Amino acid sequence: MLPEIIQSALNEQIKVEAESSQIYLAMASWAEIKGFEGIATFMFKQSDEERAHMLKLLKYVNQRGGEAKISQLDEPKLDYTSFKTLFRQLYEHEVRVSECINILVDIALKEKDYATHNFLQWYVSEQIEEEATAKVILDKIDLIGDDKGGLYMFDNDMKNFSSTA
Ligand code: OFO
């Protein structure tokens with residue numbers, strides 16, 4: 001059985017992952033409308049990955065005899081000034097998600113729930129990758145500056161850019 005405190009913390013994280021999926025879906029749709037085909041492809045993929053993270057948690061909670069909760073989600077509030085601001089927000093969002101995961105790991109340790117602690121290690125590694133990917137993308141964007149040709153190439157590169165295996 002899952003301790004109550006762990007169940008509710010994991011359910012909170014289910015919501016966080018679902019909101020991440022919505023955020024990247026909103027970014028994908030914006031990029032598609034603006035004609036950034038590669039960025040849109042990348043964001044749609046990110047959105048799918050976050051949904052997979054959400055499902056993984058949901059299944060774990062149920063498998064441990066708990067009850068996964070599906071919460072109402074808030075509409076993503078994003079600054080759509082440019083694709084640069086989108087990627088900045090993506091990075092900042094991933095940093096916040098990492099903080100949530102760290103808090104969860106902490107709770108699992110305090111509760112001596114070693115199964116959950118072990119389960120969460122996958123998310124710890126995932127966040128390292130996602131933060132690193134977001135950083136690489138931000139560095140690329142800085143390199144491009146206002147160069148239109150660079151932007152074209154960047155958008156093209158993003159089609160095959162994937163954060164995780
Ligand atoms: Fe990138 O947030 Fe999921 O784990």
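The following is a conversation about how terms are applied to one predicted model.

Biologist: What confidence does the predicted protein chain have?

Modeller: Its mean pLDDT is 95, and 98% of its residues reach 70 or more. pLDDT runs from 0 to 100. The model also scores ipTM 0.93 and pTM 0.94.

Biologist: Which elements does the protein chain have, helices or strands?

Modeller: It has five helices and zero strands. Read from the N terminus, the order is α-α-α-α-α. The C-alpha atoms fill a box of roughly 55 × 25 × 25 Å along the principal axes.

Biologist: Why is N160 called exposed?

Modeller: A residue counts as exposed if 12 or fewer other C-beta atoms lie within 10 Å of its own. N160 has 9, so N160 is exposed. N160 sits in the segment after α5, which covers 148-158.

Biologist: Which residue, 118 residues apart from N160 along the chain, has its C-alpha atom 7.4 Å away?

Modeller: That is F42. F42 falls within the range of α2, residues 37-63.

Biologist: How do you know that the span of α3 fits a helix?

Modeller: Helix α3, residues 83-110, has 28 residues. The expected span is 1.5 Å times one less than the number of residues. For α3 that comes to 40 Å, and the helix reaches 41 Å from its first C-alpha to its last, so the span is close to the expected one.

Biologist: What makes a residue of α3 buried, and which residues are buried there?

Modeller: The cut-off is 20 or more other C-beta atoms within 10 Å. In α3, the residues that meet it are F83, L86, F87, L90, H93, E94, V97, L104 and A108. An α-helix has 3.6 residues a turn, so residues three or four places apart point the same way.

Biologist: What do the buried residues of α3 pack against?

Modeller: They pack against α1 (4-34), α2 (37-63) and α4 (114-144). After α3 comes K112, with a positive phi near 55°.

Biologist: How much of the protein chain is buried?

Modeller: Buried residues make up 28% of its 165 residues.

Biologist: What share of contacts joins residues at least 24 apart?

Modeller: Among contacts between residues at least 6 apart in sequence, the share is 74%.

Biologist: Where does UniProt place the feature "domain: Ferritin-like diiron"?

Modeller: The unreviewed UniProt entry places it at residues 1-145. In the model, that span is 81% helix and 0% strand, and its end C-alpha atoms lie 53 Å apart.

Conventions
Residues numbered from 1 in each chain as written. Predicted model: local features only at pLDDT ≥ 70, side-chain atom pairs only at ≥ 80, totals over all residues. Helix = DSSP H or I, 4+ residues; strand = E, 2+ residues; numbered from the N terminus. Contact = placed C-beta atoms within 7 Å. UniProt positions renumbered as here; feature names shortened; annotations may be inferred.
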